[in-house]
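Let's walk through this structure together, following the side chains that meet one another. Keep the model open beside the text as you read.

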Amino acid sequence: MNELTEILKKTVDRLFGDYVTRESLEAAENGEFPNKLWSALEENGLTQPLVTERAGGVGAHFTDAYEIIYGAGYYSAPVPLIETILATWLAQETGVPIPKGPISLIENRSSSALKFQQTGSDWSLSGISTHTPWGGKAKHAFVIADAGGALRSGILQTSKLTIVPDFNMANEPRDTLLFKKTPVHKISEPLSYEITRDIITLYGAMFRSAQIAGASQRALDLAIEYARERKAFGRSISKFQAIQHQLANLAAHVAQATIATETAFHSADHGDPRFKISIAKIVA
């Protein structure tokens with residue numbers, strides 16, 4: 001672990017430990033956005049770790065960003081942090097200026113789902129995006145879509161959209177966004193062949209795997225803590241062989257998910273990570 005990674009890990013543990021409380025989690029489930037947490041994350045550079053220092057980011061590697069995303073999963077951070085990390089990296093890679101605040105990601109899986117349209121010098125986007133993470137809470141949304149035969153990336157202001165609220169099983173926002181010639185806040189030049197339509201899905205899977213690995217480790221830690229505290233027949237249930245077997249089984253699965261995900265992030269720093277990401281997502 002290098003010095004930057006160690007600093008990021010300590011900062012993540014400190015901020016999430018201070019700001020992600022039972023009260024803040026309950027408030028988030030009731031629809032209240034944790035602005036204090038988000039401000040602290042921005043001030044400490046955790047929302048744009050993959051962006052270069054010249055552009056206002058940290059200039060970290062994927063293996064460094066792993067610590068942030070893992071921590072977000074471990075502490076159940078109720079903010080679109082991993083979406084913003086990925087969106088800001090993609091914005092930089094595609095030459096789109098990065099706005100402040102939380103950014104959502106739109107998976108444009110079909111070539112006919114969402115399209116950019118040009119009228120004079122202005123651009124707009126039309127189509128529907130379902131299950132958009134934090135679509136109604138983020139100030140902007142990043143998308144890659146067809147623009148007259150070429151792929152372009154763009155950032156749109158969510159205040160200009162029609163949003164239908166929806167939630168996943170964890171009660172996290174997964175909204176439907178309706179675009180009807182919605183003005184594009186910022187748009188890129190035609191993208192190079194390295195940036196494909198599925199890049200959001202691909203790296204999103206890697207980021208989610210790290211989030212799952214962090215959440216799994218938290219589940220293991222809580223299970224061990226409970227087993228030590230809970231008593232039955234006059235002794236801690238952690239002494240029972242059946243409980244020890246279950247905890248050991250869980251620990252093995254958590255280790256597998258963690259190692260597979262760390263390997264994917266390392267691969268992303270050194271070449272094509274597709275195969276390693278597939279493994280990480282399956283294991284997680």
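**Rings and charges in the fold**

A good place to begin is a single aromatic cluster formed by Tyr66, Tyr70, Phe207 and Phe265. Before going further, please note that the model is predicted: local features need pLDDT of at least 70, side-chain atom pairs count only at pLDDT 80 or more, and totals for chains, interfaces and linings use all residues. Residues are numbered from 1 along each chain as its sequence is written, and side-chain values use heavy atoms, with hydrogens and water left out.

Searching the whole structure turns up ten aromatic pairs. Rings of Phe, Tyr and Trp (its six-membered ring) pair if their centres lie within 6.5 Å; planes under 30 degrees apart count as stacked, over 60 as edge-to-face and the rest as tilted. Phe62 and Trp89 are one of these pairs: their ring centres are 5.1 Å apart and their planes stand at 75°, so the pair is edge-to-face. Phe62 belongs to helix 4 (residues 62-74) and Trp89 to helix 5, so this pair ties together parts that are 27 residues apart in sequence. Helices (H or I, at least four residues) and strands (E, at least two) are DSSP runs, numbered from the N terminus.

Are these two rings buried or exposed? Phe62 is buried, with a relative accessible area of 6%, and Trp89 counts as buried at 11%. Here buried means under 20% relative accessible area, exposed over 50%, and partly exposed in between (1.4 Å probe, protein chains only).

Trp89 also forms an aromatic pair with Tyr203, this one tilted, at 4.9 Å centre to centre and 50° between the planes. Trp89 lies in helix 5 and Tyr203 in helix 6, so the pair ties together parts that are 114 residues apart in sequence. Tyr203 is buried, as is Trp89.

Now to the charged side chains. Side chains of opposite charge can pair when their charged atoms come close. The structure holds seven salt bridges, each a side-chain nitrogen of Lys or Arg within 4 Å of a carboxyl oxygen of Asp or Glu. In one of them, Arg208 meets Glu83 at 2.8 Å, N to O. Arg208 sits in helix 6 (residues 199-229) and Glu83 in helix 5 (residues 81-94), so the salt bridge ties together parts that are 125 residues apart in sequence. Glu83 is buried, with a relative accessible area of 4%, while Arg208 is partly exposed at 23%.

Arg274 and Asp198 make another salt bridge, at 3.3 Å from N to O. This pair links distant parts of the chain, 76 residues apart: Arg274 is in helix 8 (residues 274-283), and Asp198 is in the loop between strand 8 (186-187) and helix 6. Both count as partly exposed, Arg274 at 34% and Asp198 at 33%. Which residues share a salt-bridge network with Arg274? They are Asp198 and Asp272.

Two further contacts complete the tour. Arg235 lies over the face of Phe240, 4.3 Å from the ring centre; a charge sits over a ring if NZ of Lys or CZ of Arg is within 6 Å of the ring centre and within 35 degrees of the ring normal. In helix 2 (residues 22-29) you will find Ser24, which is buried at 16% relative accessible area. The side chain of Ser24 reaches the backbone oxygen of Tyr19 at 3.1 Å.

Terms used
Polar contact = N/O pair within 3.5 Å; in protein donor to acceptor, adjacent residues only side chain to side chain.
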